[in-house]
Amino acid sequence: LGQTTFTTYEAYLSPAQEPGEESETPKPLQKTLGATAPSTPRAERKSKGHGQIRFTKDLSRAFVDVQIEGVNTADIVMFHIHCGPPGVLGPIIINFGEHGGSFEKQFVNGKMTVELTNKDVNFVKSPPTVKSRLPESCPIDIGFPSQASTLSGLEYLARKGVLYFNLHTKAHTYYGEMRGQIYSVKE
């Protein structure tokens, strides 16, 4: 039963969950993470979505299902699960850009399904340098130096409510087009 029963978490993605506008991208990051298309204020965006993560009870696999609307999939430049409480920008722990080609191919009719294993959990082997583009991985607990490196650690963080989906587009690259804090599904 450990491989066929699940613990489920979900998120409702919207532009309102992100804390800033694209025009507020920090100057040092504008060259690498600045928008390459005109941006739209959060209150005027029509994008929305729903995401779900189902962890097998034995924590050997997880399945991610995401449905998005109001976004041209050709404009998606990055899609991640980050670690951070609501309203806080946090490090990347899952990078969906490493799962099978362009986002146009991954999002068929606005839907994406991905299977995760331990190898998909970002783990930084050496401390980040000034040249690092984005921070990656996530501390397993605040004040505890060990990083999450397995699906078990990812599920622990989901249980605490400190994971979120973030979809980045050409027009909304730094903060993202929309974000969805991930919470437990009450059964």
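What follows is a short talk on one four-stranded sheet and two loop residues in this structure.

Before I start, please keep in mind that this is a predicted model, in which local features need pLDDT of at least 70 and side-chain atom pairs count only at pLDDT 80 or more, while totals for chains, interfaces and linings use all residues. Residues are numbered from 1 along each chain as its sequence is written, and side-chain values use heavy atoms, with hydrogens and water left out.

Let me begin with the sheet, which is open and made of four strands in the order 5-4-9-10, with antiparallel pairing. By strands I mean DSSP runs of E with at least two residues, and by helices runs of H or I with at least four, both numbered from the N terminus; two strands pair if DSSP finds at least two bridges between them. Strand 5 (92-95) and strand 10 (178-181) are the edges, and because each has a single partner strand, one side of each is left without a neighbour in the sheet. On average, neighbouring strands here are turned by 25° against each other, direction ignored, where the axes are lines fitted to C-alpha atoms.

Turning to strand 4, residues 76-83, we find that three bridges pair this strand with strand 5 in the antiparallel sense. Along that pairing, His-82 stands opposite Ile-92, and Ile-81 stands opposite Ile-94. Strand 4 is also joined, through seven bridges, to strand 9 (residues 163-169), again running antiparallel, and there Ile-76 faces Thr-169. How much of strand 4 is buried? Seven of its eight residues are, with buried meaning under 20% relative accessible area, exposed over 50%, and partly exposed in between, for a 1.4 Å probe and protein chains only.

I would like to close with the backbone at two loop positions. Most residues other than glycine have a negative phi. Leu-59, although not a glycine, has a positive phi of about 60°, and this residue lies in the loop between strand 2 (48-56) and strand 3 (62-69). Asn-109, also not a glycine, has a positive phi of about 55° and is found in the loop between helix 2 (103-106) and strand 6 (111-116). As for their surroundings, Leu-59 counts as partly exposed because its relative accessibility is 24%, whereas Asn-109, at 72%, counts as exposed.

How values were computed: Axes fitted to C-alpha atoms, helices over the stretch in contact; angles between N-to-C directions.
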